[in-house]
Amino acid sequence: MKSLPLLKRVAFFSGPVLFLLCYNWPGLFPDPLAQKVVAVAIWMVVWWLTEIVSISTTALLPIVLFPLLNILPLRDVCANYGSPIVFLFFGGFVMALALEKVNLHRRIALNIIKLTGTSPDRVILGFMISTALLSMWISNTASTVVMLPIALSVIRLIANDEDGMTLQDRNFALAIMLGIAFSANIGGVATLIGTPPNSVLAGFLENEYQIEISFFKWMQMGLPFSILMLFVCYFVIVKWMVRSKSPHLSNASELIKQEIIKLGPTRKDEKFVMAVFGMAILLWVFKNPLNHLTENFNLSDAGISMLAAFSLFIIPSDNSRDNFILVWNDMVKLPWGILILFGGGLALASGLASAGIMDLIGSAVSSGTHINLLLVSAFLILIMLFMTELMSNVALVAVFIPVVAGIALGLDSSILHICIPVTMAASCAFMLPMATPPNAIVFASGHVKVYQMAKVGIVLNLLSVLLLIVFTKFVIPLIF
């Protein structure tokens, strides 16, 4: 502890100290149960904000404190960590592992880039579409890591020509780096398993309000938003703020072809993984019609996800070392901490609900008069988007969404109509390198300065707020 900087030591101790102050402050809340829950919530928020310990470690606090303080029984608390939405995401993680293990994600990305062409603008567009498509199914970090080496190879081609690295070449490098980072964030919005905040929201609504958001329904709304935002992003970067007229990309097509040749012909295990992905997507899309057709089966999104994951452990592999596409040793790479974080967020929301905190927020909001619902939604979207520039979007959604739900109840509005766009805003952080892992990864490449990311990012932040307001007003009410 002595080796930690002073500020981190203060952050470490401030969580439990604030918890004790809130817990022991006489008459702070009329209901002692509410006071206990808020005290625990303050401790978790402080540690989540500062990340003095792992955010997944902080997510275990409800298991320790809720039963100890008689907030919720241990059985009820632990049920949140095994919620169906946790297993939906677990299955998604397993499918992503298989995609990466057989290198199918790289083959898909290279072929998309090959199709889009080799002019500077088309190359950037190809990288952005590929990254966004991958981020719909695997983590935005993994999709960025896949695309970065390919992009750096293209940048080296133009840097090593006869005129060296010109200003236009540097602009091209900046545009392609920003395009990869931002499209990795945008792509995750499209599906329920694309980014953790989406699943945190779905789990919260199912646990606390018995509202189920199906995979297909989310995609009906999330995919159009991602497509529109992707092309807004492309226009802002390529046509407006980072123009590149570099003509030196004649060798890029050959480079992409060589990279595809290195992968060799499509192997059986790649085809099997693609078939499992296709099966899962079809079942998610046609789940309700299939459930109506027969009474013998009851398909659920989490069940479909787990079926796909299970299949990958029993399908033969081309790999001579492994009998099957996935073996249990591969699960070491699974981000278990994120699954615990889901459970912690759901457990905290359960505690807040059991103490009536969300009802209190709703009552306080409803006491106001002449409150414009759209303005409130816009304000909440703005808060979420700019706060997520500074802290984990998963932890922020876990803390903020119960408050937003309380506000929606107070305004006598649909919880979905406010909570969904606010959650989507958590994936639209474009300004700072520390805002998301993709931003940090491309920043580390050396081709992006902080001020350059911030200049483009602030424009995209504001445009994403406008697009989310449009979706709040016109699109989300049609679907939900």
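A residue is called buried when its relative accessible area is under 20%, exposed when that area is over 50%, and partly exposed in between. With these words in hand, the reader can walk through the structure above, which is a predicted model.

Arginine 267 is a good place to begin, because its relative accessibility of 30% falls between the two cut-offs and makes it partly exposed. The side chain of arginine 267 meets that of aspartate 269 in a salt bridge, with 3.2 Å from N to O, and arginine 267 also forms a salt bridge with glutamate 270, where the closest N and O atoms are 3.3 Å apart. Both of these acidic partners count as buried, since aspartate 269 has a relative accessibility of 3% and glutamate 270 one of 1%.

A search of the whole structure finds nine salt bridges, and another of them pairs lysine 287 with aspartate 301, the closest N and O atoms being 3.5 Å apart. This pair links distant parts of the chain, for lysine 287 belongs to helix H15 (residues 287–293) and aspartate 301 to helix H16 (residues 301–312), 14 residues apart. Lysine 287 and aspartate 301 are both buried. Elsewhere, salt bridges that share partners join Arg107, Arg267, Asp269 and Glu270 into one network.

What does a search for disulfides find across the whole structure? It finds zero disulfides. Cysteine 233 is accordingly in no disulfide, and the nearest cysteine sulfur, which belongs to cysteine 428, is 10 Å away; a disulfide would need the two sulfur atoms within 2.5 Å. Cysteine 233 is buried, with a relative accessibility of 0%, whereas cysteine 78 is partly exposed, with a relative accessible area of 34%.

Turning to the helices near the start of the numbering, helix H2 (residues 32–50) has 19 residues and reaches 28 Å from its first C-alpha to its last, which is close to the 27 Å expected at 1.5 Å a residue. Its N-terminal end is capped by aspartate 31, which has a side-chain oxygen 3.0 Å from the backbone nitrogen of leucine 33. Just after H2, glutamate 51 takes a positive phi of about 50°. Among the buried residues of H2 are Trp43, Trp47 and Trp48.

Helix H1 (residues 6–24) contains phenylalanine 13, which is partly exposed with a relative accessible area of 44%. Together with Val17, Leu18, Leu21, Trp25 and Leu28, Phe13 makes a nonpolar surface patch of about 570 Å².

Terms used:
Residues are numbered from 1 along each chain as its sequence is written. This is a predicted model: local features need pLDDT of at least 70, side-chain atom pairs count only at pLDDT 80 or more; totals for chains, interfaces and linings use all residues. Side-chain values use heavy atoms; hydrogens and water are left out. Helices (H or I, at least four residues) and strands (E, at least two) are DSSP runs, numbered from the N terminus. The expected span of a helix is 1.5 Å times one less than its number of residues. Buried means under 20% relative accessible area, exposed over 50%, partly exposed in between (1.4 Å probe, protein chains only). A polar contact is a pair of N or O atoms within 3.5 Å; within protein, one must be able to donate a hydrogen and the other to accept it, and residues adjacent in sequence count only if both atoms are side-chain atoms. Patches are made of residues with over 30% relative accessible area and no salt bridge: like charges are joined within 9 Å, nonpolar side chains (Val, Leu, Ile, Met, Phe, Trp, Tyr) within 5 Å. Accessible areas come from the Shrake-Rupley method with a 1.4 Å probe; for residues, only the protein chains shown count as cover. A salt bridge is a side-chain nitrogen of Lys or Arg within 4 Å of a carboxyl oxygen of Asp or Glu.
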